[in-house]
Amino acid sequence: QIPGPTMSSDILQEWESEVKRTLELKQTAVKLGLMEKEKPPDRTDFYMNKQIELLDSIKSKEDKIAQLEDEIRTHKVHIQRVRDLDAEEKYNSKPAWETTGYNTLPYRDPFHTGLSKRTPTGGFFSS
């Protein structure tokens with residue numbers, strides 16, 4: 001015979017018939033009392049192991065998150081240090097008038113009363 005799809009399908013059919021025959025023999029042996037009925041496999045160990053595996057995964061990921069948050073905090077501190085050093089270098093190396101200029105600063109009265117500073121005749125109050 002030429003090997004091909006017909007040969008593999010023949011083998012598959014033969015295997016299926018053997019599986020059916022084995023099942024029938026087991027059922028007959030159980031009916032006659034020669035064999036005990038098969039119990040379903042105990043899956044508690046499987047589920048416990050799965051739970052432990054998932055809890056370990058969660059714990060490792062939480063640890064990774066904590067590590068990343070710590071790295072972010074240290075980077076923010078480094079950025080602030082660099083900014084402070086930059087500002088210090090920028091302003092301490094120049095005289096004050098180069099950073100602020102020669103202009104006068106506008107004065108704003110912090111306790112403005114709303115009253116005019118002049119008398120009705122136009123002169124200033126003497127105080």
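The following paragraphs describe the fold, surface and salt bridges of a predicted protein model. Residues are numbered from 1 along each chain as its sequence is written, and side-chain values use heavy atoms, without hydrogens and water. Local features need pLDDT (the predictor's confidence in each residue, from 0 to 100) of at least 70, side-chain atom pairs count only at pLDDT 80 or more, and totals for chains, interfaces and linings use all residues.

The protein contains 3 helices and 0 strands (DSSP runs of H or I with at least four residues, and of E with at least two, numbered from the N terminus). Mean pLDDT is 80 for the protein, with 76% of residues at 70 or more. Among the elements, helix α2 (residues 44-92) has the highest mean pLDDT, 92, and helix α3 (residues 96-100) the lowest, 68.

Of the 127 residues, 1% are buried (under 20% relative accessible area; exposed is over 50%, partly exposed in between; 1.4 Å probe, protein chains only). Valine 19, in helix α1 (residues 5-32), is partly exposed at 36% relative accessibility.

The structure holds 3 salt bridges (a side-chain nitrogen of Lys or Arg within 4 Å of a carboxyl oxygen of Asp or Glu). Glutamate 53 pairs with lysine 50, with the closest N and O atoms 3.9 Å apart; both residues lie in helix α2, 3 residues apart. Lysine 59 and aspartate 63 form a salt bridge at 3.4 Å, N to O, and are 4 residues apart in helix α2. Aspartate 70 and arginine 73 also meet in a salt bridge, at 3.4 Å, N to O. Because they are 3 residues apart in helix α2, aspartate 70 and arginine 73 are separated by about one helical turn.
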